[in-house]
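Open the model in your viewer and keep the selection box at hand. This tour moves from one selection to the next and says what is there.

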Amino acid sequence: MSDLAPHDRQVLAAVAHDWAAAMVSNDPARIADFMADDWAIVSESGISTREQFLSFVESGELTHSSFRLVGDPRIRMHGDSAVVTARITNTAHYKGERFDADEWTTDVFVRRDDRWRCVLSHITPAART
């Protein structure tokens, strides 16, 4: 693991915050701009592809009214890849049902054409104390 230059840390932290803002926009094109073509998300329900996720957003079946990083993300650089881990709180509606989530999210980013694109996201519910 290489040390992160302050510039890289700032860029990746900004990407994480900008992606959160894109999620609340509920705009599939804006959300997709942060994802690699082969992006997937792993959650308690299994693995979903980029196409599946974006189709839920496009249809309106999945919307977010809030999506917020709690604290500073943990960022680790590995060459042209980076792992960004953060606690996220969000409020979503899926097929008309409201969900409030407090989750740990790990996103794997790769630098392609001088832009960071997420290739994999993994979410885990935060422990309730």
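**First stop: D33**

Select D33, which is partly exposed, with a relative accessible area of 34%. The model on screen is a predicted one. D33 sits in the loop between helix 2 and strand 1. Now show what surrounds D33. Beyond its neighbours within four places in sequence, D33 is in contact with R115 and R117. Add W19 to the selection. W19 and D33 are 14 residues apart along the chain, and 8.8 Å separates their C-alpha atoms.

**Into the core**

Keep W19 selected and add I31, M35, W39, F53 and F109. These are the residues with the most contacts inside the largest nonpolar core, which has 30 residues. Now colour the elements that supply at least two residues each to this core: helix 1 (6–25), helix 2 (28–32), strand 1 (35–43), helix 3 (50–59), strand 3 (62–78), strand 4 (81–94) and strand 6 (115–125). Which element gives the largest share of this core? Helix 1 does, with 8 residues.

Centre on M35. Which residues is M35 in contact with, leaving aside its neighbours within four places in sequence? They are W19, R50, F53, L54, R117 and C118. Two of these names have come up already: W19 and F53 are among the core residues with the most contacts. R117 was also on the contact list of D33.

**The largest pocket**

Switch on a surface and look for the largest pocket. About 1000 Å³ of space lies in it. Select I41, F53, H64, E103 and I123: of the 39 lining residues, these are the closest to the pocket centre. F53 thus appears at this stop too, listed among those closest to the centre, after its place in the core list.

Next, colour the lining by element. Helix 1, strand 1, helix 3, strand 3, strand 4, strand 5 (97–112) and strand 6 each supply at least two lining residues. Which element supplies the largest share of the lining? Strand 4 does, with 8 residues. Then recolour by residue class. The lining divides into 24 nonpolar, 8 polar and 7 charged residues.

**Strand 5 and the loop after it**

Go to R111, in strand 5. Is R111 buried or exposed? Neither label fits: its relative accessibility is 27%, so R111 counts as partly exposed. Show its surroundings. Apart from neighbours within four places in sequence, R111 is in contact with D8, M77, G79, D80 and W116. Draw a C-alpha distance from R111 to D80. The two are 31 residues apart in sequence and 5.2 Å apart in space.

Step along to D113, in the loop between strand 5 and strand 6. D113 has 78% relative accessibility, so it counts as exposed. Draw one more C-alpha distance, from D113 to A16. This pair is 97 residues apart in sequence and 18 Å apart in space.

**Two positive phi values**

Open the Ramachandran plot if your viewer has one. Most residues other than glycine have a negative phi. Select N26, in the loop between helix 1 and helix 2. N26 is not a glycine, yet its phi is positive, at about 55 degrees. N26 is partly exposed, with a relative accessible area of 24%.

Now select K95, in the loop between strand 4 and strand 5. K95 also has a positive phi, near 55 degrees, in a residue other than glycine. Is K95 buried or exposed? K95 is exposed, with a relative accessible area of 55%.

**Last stop: the annotated range**

Finish by selecting residues 13–118. UniProt, in an unreviewed entry, places the feature "domain: DUF4440" there. Over this range the chain is 26% helix and 60% strand. Mark the C-alpha atoms at its two ends: they are 13 Å apart.

Technical notes
Residues are numbered from 1 along each chain as its sequence is written. This is a predicted model: local features need pLDDT of at least 70, side-chain atom pairs count only at pLDDT 80 or more; totals for chains, interfaces and linings use all residues. Side-chain values use heavy atoms; hydrogens and water are left out. A nonpolar core is a set of buried Ala, Val, Leu, Ile, Met, Phe, Trp, Tyr and Cys residues joined through side-chain atoms within 4.5 Å. Buried means under 20% relative accessible area, exposed over 50%, partly exposed in between (1.4 Å probe, protein chains only). Helices (H or I, at least four residues) and strands (E, at least two) are DSSP runs, numbered from the N terminus. Contact means heavy atoms within 4.5 Å. UniProt positions are given in the numbering used here, feature names are shortened, and annotations may be inferred rather than shown by experiment. On a 1 Å grid over the protein atoms alone, a cavity is a set of points where a 1.4 Å probe fits but cannot get out, and a pocket is an open set with protein on both sides within 12 Å along at least five of seven lines; lining residues have an atom within 4 Å of a point. Grid points are joined across faces, edges and corners, and a volume is the space filled by probe spheres set on the points. Ala, Val, Leu, Ile, Met, Phe, Trp, Tyr, Cys and Pro count as nonpolar, Asp, Glu, Lys and Arg as charged, and the others, Gly among them, as polar.
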